[in-house]
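Me: Hi! Could you walk me through a protein model I've just opened?
Reply: Happy to, let's take a look together.

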Amino acid sequence: MFPAAPINGASLPGVSTGDALRTMESLSDKELPRNMTYEWTELSFLQKQSSKVEQFRDLRNNPFSAFALGAVLVFFVLAGLYESWSLPLAVVLVVPMCLLSALAGVALAGMDVNIFVQVGFVVLVGLACKNAILIVEFARDRQQEGASRFDAAVEAAKVRLRPIVMTSFAFILGVLPLVIAQGAGAEMRRTLGTAVFAGMIGVTLFGLFLTPVFFYVVRWFSGQVKRRESPLSTNPEK
């Protein structure tokens, strides 16, 4: 419904079609008046569409993108649950152990980091935070009841040891068939299973020891910040 003029052209030998398209776009943006625009058609249009897909694919193939987004989502959910910005750090700080353990397992198995490994990263974020929440939430309740930070962290680690080990090893043994899968499509199942299997082993071992430490350090740091913000609160008469 608008006046239009088709323009056909070809690139010089040794010049890629992508460079030719970018050159035409820059010339059109520079030379055409504001009441005129341009659109690509046929093969040039398909090439522009494929370049956008490739840019999205490059972002998607980043092995840390899905993991980082999952960790950020978990942090905000926990911040709303606990109504605190500091306490969720004690949970989220154990999450990078998932990445290190999963990458170590994938590297030892001689596999590459693909989309299935990234799916395993997202699964590991939830599982690692689940184990850490069991310890952090119990320790927070004990501290609110009057226990010290150290006693609350130690008691939480002792009380939550058995449920964490039971649920973690149940999941580890559950994904073991994926690690040793055979037959059609076994490469995909082994990649996902290896990442989750190694990540859960690392998270279980590191989480039991590091989560109480993270809780103690985060609560101590938040207490120091509160004292600096309200220095008169230490005086019982005021």
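Reply: One term to start with: Ala, Val, Leu, Ile, Met, Phe, Trp, Tyr, Cys and Pro count as nonpolar, Asp, Glu, Lys and Arg as charged, and the others, Gly among them, as polar. Also, keep in mind that this is a predicted model.

Me: Okay, so what classes of residue make up the lining of the largest pocket?
Reply: That lining has 15 nonpolar, 10 polar and two charged residues.

Me: And what volume does the largest pocket have?
Reply: Its volume is about 1,300 Å³.

Me: Which residues lie nearest its centre?
Reply: Those are A5, I7, Y38, E39 and W40, out of 27 residues that line the largest pocket.

Me: Which helix gives the most to the lining?
Reply: Helix 1 does, with five residues. Helix 1 (17-31) and helix 2 (42-60) each supply at least two.

Me: New topic: how many salt bridges does the structure hold?
Reply: Four. In one of them, D19 pairs with R22, with the closest N and O atoms 2.3 Å apart. Both residues lie in helix 1, three residues apart, about one turn of the helix.

Me: What about R140 and D141, is each one buried or partly exposed?
Reply: R140 is buried because its relative accessible area is 16%, under the 20% cut-off. D141 has 30%, so D141 is partly exposed. Their side chains meet in a salt bridge (3.2 Å, N to O).

Me: Which residues are linked in a network of salt bridges?
Reply: R142, E145 and E155 are. Within that network, the side chains of R142 and E155 meet at 2.8 Å, N to O. This pair links distant parts of the chain, with R142 in helix 6 and E155 in helix 7, 13 residues apart.

Note on methods
Residues are numbered from 1 along each chain as its sequence is written. This is a predicted model: local features need pLDDT of at least 70, side-chain atom pairs count only at pLDDT 80 or more; totals for chains, interfaces and linings use all residues. Side-chain values use heavy atoms; hydrogens and water are left out. On a 1 Å grid over the protein atoms alone, a cavity is a set of points where a 1.4 Å probe fits but cannot get out, and a pocket is an open set with protein on both sides within 12 Å along at least five of seven lines; lining residues have an atom within 4 Å of a point. Grid points are joined across faces, edges and corners, and a volume is the space filled by probe spheres set on the points. Helices (H or I, at least four residues) and strands (E, at least two) are DSSP runs, numbered from the N terminus. Buried means under 20% relative accessible area, exposed over 50%, partly exposed in between (1.4 Å probe, protein chains only).
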